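Hello,

I am handing over the structure we spoke about. Please open it first; my notes on its salt bridges follow below.

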Amino acid sequence: MKRIIKKVAVVGSGIMGSGIACHFANIGLEVLLLDIVPNALTETEEKKGLTLENKLVRNRIVNEHLANALKSNPSPIYSQKFASRITTGNTSDDMAKIVSYDWVIEVVVERLDIKKLVFEQIDKFRKPGTLVTSNTSGIPIHYMSEGRSDDFQKHFCGTHFFNPARYLKLFEIIPGPKTSTEVLDFLFDYGSKYLGKTSVVAKDTPAFIGNRIGIFGIQSLFHLVKDMGLTIEEVDKLTGPVIGRPKSATFRTVDVVGLDTLVHVANGLYEGCPNDEAHNLFKLPDFINKMMEKKWLGSKTGQGFYKKIDKDILSLDLDTLEYRPAKKASFATLELTKTIDKPIDRFKVLVKGKDKAGYFYRKNFSAMIAYCSNRVTEKTDEF
């Protein structure tokens, strides 16, 4: 069967959903972006005399989410004019439109009960053969398609993008119990050829590949930060461009993704992987629990590990949990790598460092390499 994707529907317009919608618009596709209908009017809407039945109100959530995404930095859209390829709507009035779409991607809140309700609606309106995938970051795929039609299950699997969807390369494809080989092969090739991703087929195990390894890395680092007395600026200096990663490094990346998302996956791993040798590492440190209590979730709440006030960027002191002016981080070992262009060539210098930076790299990377080695056969057959 020759499958052609011209129209994609994205259900869920939060940071991730809007980002995915923009990325499909980037490659020239027609996109339908849907979200729920508000259950109350805003003060502005009341002053205008609008009601909950007004289309502007009913599409307020999706339109606000998309508008915020289009203003974000780094931009999810290659050109602002490409946004015209995205049509917005809501799941109450517009779900029936998916009958004319080739691929429906679910990107709603990480709750199985809500996802199953969404899939029930999608199964009702989709045409046979339509691809249906979930962007879940860790909920088992086999739970989601329970009770759905045979055709739905044959064409259903996980397709996990990473935030920001336009820039991060990994594209995990996680088959369900009845996903057809044709669907897996198609998505693998599509991710590589059209979405510009590195496609990987992952097994349906807790948090799949990226988040299992990623959460281990971040949680390991959270504990190491406290043990070594490092600041968040020092960690981001050590884990950014010097080792070939984006400037957002570690803590800024968590702010962009959302601390609540990280905590959700970490808690899932703590509960779902009792026999993991790193089980205790998935337990959240106190400073994370306190940030969650204060709702310091990152960009979505205006503050997390970093906080912007006017033009000033403040950093969180992990000992006092108070914000302070950002401090410049510097290490002698990093200075030795300034004349080395390729990140891969810097590592032999970094791990031999005699200062705190050298110790950090030896401790951090040895733990990561050992953990990955132990997890390979559990997570994927692609090795």
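One pair to look at first is R3 and E182, which form a salt bridge with their closest N and O atoms 3.4 Å apart. The two residues come from distant parts of the chain, 179 residues apart: R3 sits in the segment before strand 1 (7-11), and E182 belongs to helix 8 (residues 181-193). R3 is buried, at a relative accessible area of 12%, whereas E182 is partly exposed at 26% relative accessibility. Please keep in mind that this is a predicted model.

In total, the structure holds 23 salt bridges. Another of them joins E146 and K116, with 3.3 Å between the closest N and O atoms. E146 is in the loop between helix 6 (141-144) and helix 7 (150-154), while K116 is in helix 5 (residues 112-125), so this pair ties together parts that are 30 residues apart in sequence. E146 is partly exposed, with a relative accessible area of 42%, and K116 also counts as partly exposed, at 25% relative accessibility.

A further salt bridge connects the side chains of E277 and R375, at 2.8 Å from N to O. Because E277 lies in the loop between helix 12 (259-272) and helix 13 (286-293) and R375 in helix 16 (residues 356-379), the pair ties together parts 98 residues apart in sequence. E277 is partly exposed at 49% relative accessibility; R375 counts as buried, at 11%.

Which residues are linked with E277 and R375 in a network of salt bridges? They are R212, D276 and E378.

Regards

Key: Residues numbered from 1 in each chain as written. Predicted model: local features only at pLDDT ≥ 70, side-chain atom pairs only at ≥ 80, totals over all residues. Heavy atoms only, no water. Salt bridge = Lys/Arg side-chain N within 4 Å of Asp/Glu carboxyl O. Helix = DSSP H or I, 4+ residues; strand = E, 2+ residues; numbered from the N terminus. Buried < 20%, exposed > 50% of the residue type's maximum accessible area, 1.4 Å probe, protein only.
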